[in-house]
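Work through the exercises below with the sequence and the model open. Each task is followed by a solution in steps.

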Amino acid sequence: MQQRLGRVPLLQRDRHGAYRALRHHASRARAIDALLVGMAATIARGAVIGPIVVAHGGDLDALLARPAYHRLEAAAAQAGLALLSTRISVSRTLELGVGATELAYLGHDDV
């Protein structure tokens, strides 16, 4: 049934009961890059007034090495904003899937 609906599982339990990603999805990587670059543009517009938190449900070092993350870092530094990076909790990772990325910030819409 999964094949007919065009869905493929992202997680599988190994023999020890731990979850692991079945494969890397290029579309998720593009979405993460778009999220980070979009946030950098939001910072450049002056719409962010507080710290930015990026939470990732996977290899945090891989996220931090992405060019889009470096753009976000540079925009935050130029605006004098704190950028915090952390891992998503295990329960949230299971809910969203391995590799999911969340972003939170304090801003305003009138800019």
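A residue counts as buried when its relative accessible area is under 20%, and as exposed when that area is over 50%. The model used here is predicted.

**Exercise 1. Thr42**

Task: Decide whether Thr42 is buried or exposed, and find which backbone oxygen its side chain reaches.

Solution.
Step 1. Place the residue: Thr42 belongs to helix α2, which covers residues 26-44.
Step 2. Apply the cut-off. Thr42 has a relative accessibility of 12%, so it is buried.
Step 3. Look at the side chain. It comes to 3.0 Å from the backbone oxygen of Gly38.
Step 4. List the contacts, leaving out residues up to four places away in sequence: Thr42 touches Ala47, Val48 and Tyr105.

**Exercise 2. The chain as a whole**

Task: State how many helices and strands the protein chain has, and in which order the elements run.

Solution.
Step 1. Count the elements: there are five helices and five strands.
Step 2. Read from the N terminus: the order is α-β-β-α-β-α-α-β-α-β.
Step 3. Add the burial figure. Of the 111 residues in the protein chain, 26% are buried.
Step 4. Turn to the contacts with a sequence separation of 6 or more: 71% of them join residues 24 or more positions apart.

**Exercise 3. The sheet and His56**

Task: Give the strand order of the open three-stranded sheet, then describe the surroundings of His56.

Solution.
Step 1. The strands are ordered β4-β3-β5, and the pairing is mixed.
Step 2. Find the edges. These are β4 (83-87) and β5 (101-107), each of which pairs on one side only.
Step 3. Check the angle between neighbouring strands of this sheet: on average they are turned by 15° against each other, direction ignored.
Step 4. Take one pair. β3 and β4 run in the parallel sense and share five bridges.
Step 5. Locate His56 in strand β3, residues 48-56. In β4, Arg87 stands opposite His56.
Step 6. Test burial: the relative accessible area of His56 is 8%, so His56 is buried.
Step 7. Leave aside neighbours within four places in sequence. The contacts of His56 are then Ile32, Leu63, Thr86, Arg87, Ile88, Gly99, Ala100 and Thr101.

**Exercise 4. Helix α4**

Task: Compare the expected span of α4 with the distance between its end C-alpha atoms, and work out why its buried residues lie on the same side.

Solution.
Step 1. Helix α4 has 13 residues, 67-79, and at 1.5 Å a residue it should span 18 Å. The end C-alpha atoms are 19 Å apart, which agrees.
Step 2. Name the buried residues of α4: Ala68, Tyr69, Leu72, Ala75 and Ala76.
Step 3. These residues cover an arc of only 120° around the axis, so they sit on the same side of α4.
Step 4. Turn to the face pointing away from the buried side: it carries the exposed residues Pro67, Arg71, Ala77 and Gln78.
Step 5. Place the helix against the sheet. α4 lies across β3, β4 and β5, at about 145° to β4.
Step 6. Follow the chain past the helix: just after α4, Gly80 has a positive phi of about 75°.

**Exercise 5. Ala68**

Task: Find which residues Ala68 contacts beyond its neighbours within four places in sequence.

Solution.
Step 1. Ala68 is part of helix α4, and its relative accessibility of 7% makes it buried.
Step 2. Its contacts outside that window are Asp33, Leu36 and Val37.
Step 3. Take a distance as well. Ala68 and Arg30 are 38 residues apart along the chain, and their C-alpha atoms are separated by 9.9 Å.

Terms used:
Residues numbered from 1 in each chain as written. Predicted model: local features only at pLDDT ≥ 70, side-chain atom pairs only at ≥ 80, totals over all residues. Heavy atoms only, no water. Helix = DSSP H or I, 4+ residues; strand = E, 2+ residues; numbered from the N terminus. Buried < 20%, exposed > 50% of the residue type's maximum accessible area, 1.4 Å probe, protein only. Contact = heavy atoms within 4.5 Å. Polar contact = N/O pair within 3.5 Å; in protein donor to acceptor, adjacent residues only side chain to side chain. Expected span 1.5 Å × (residues − 1). Arc of directions from axis to C-beta. Pairing = 2+ DSSP bridges. Axes fitted to C-alpha atoms, helices over the stretch in contact; angles between N-to-C directions.
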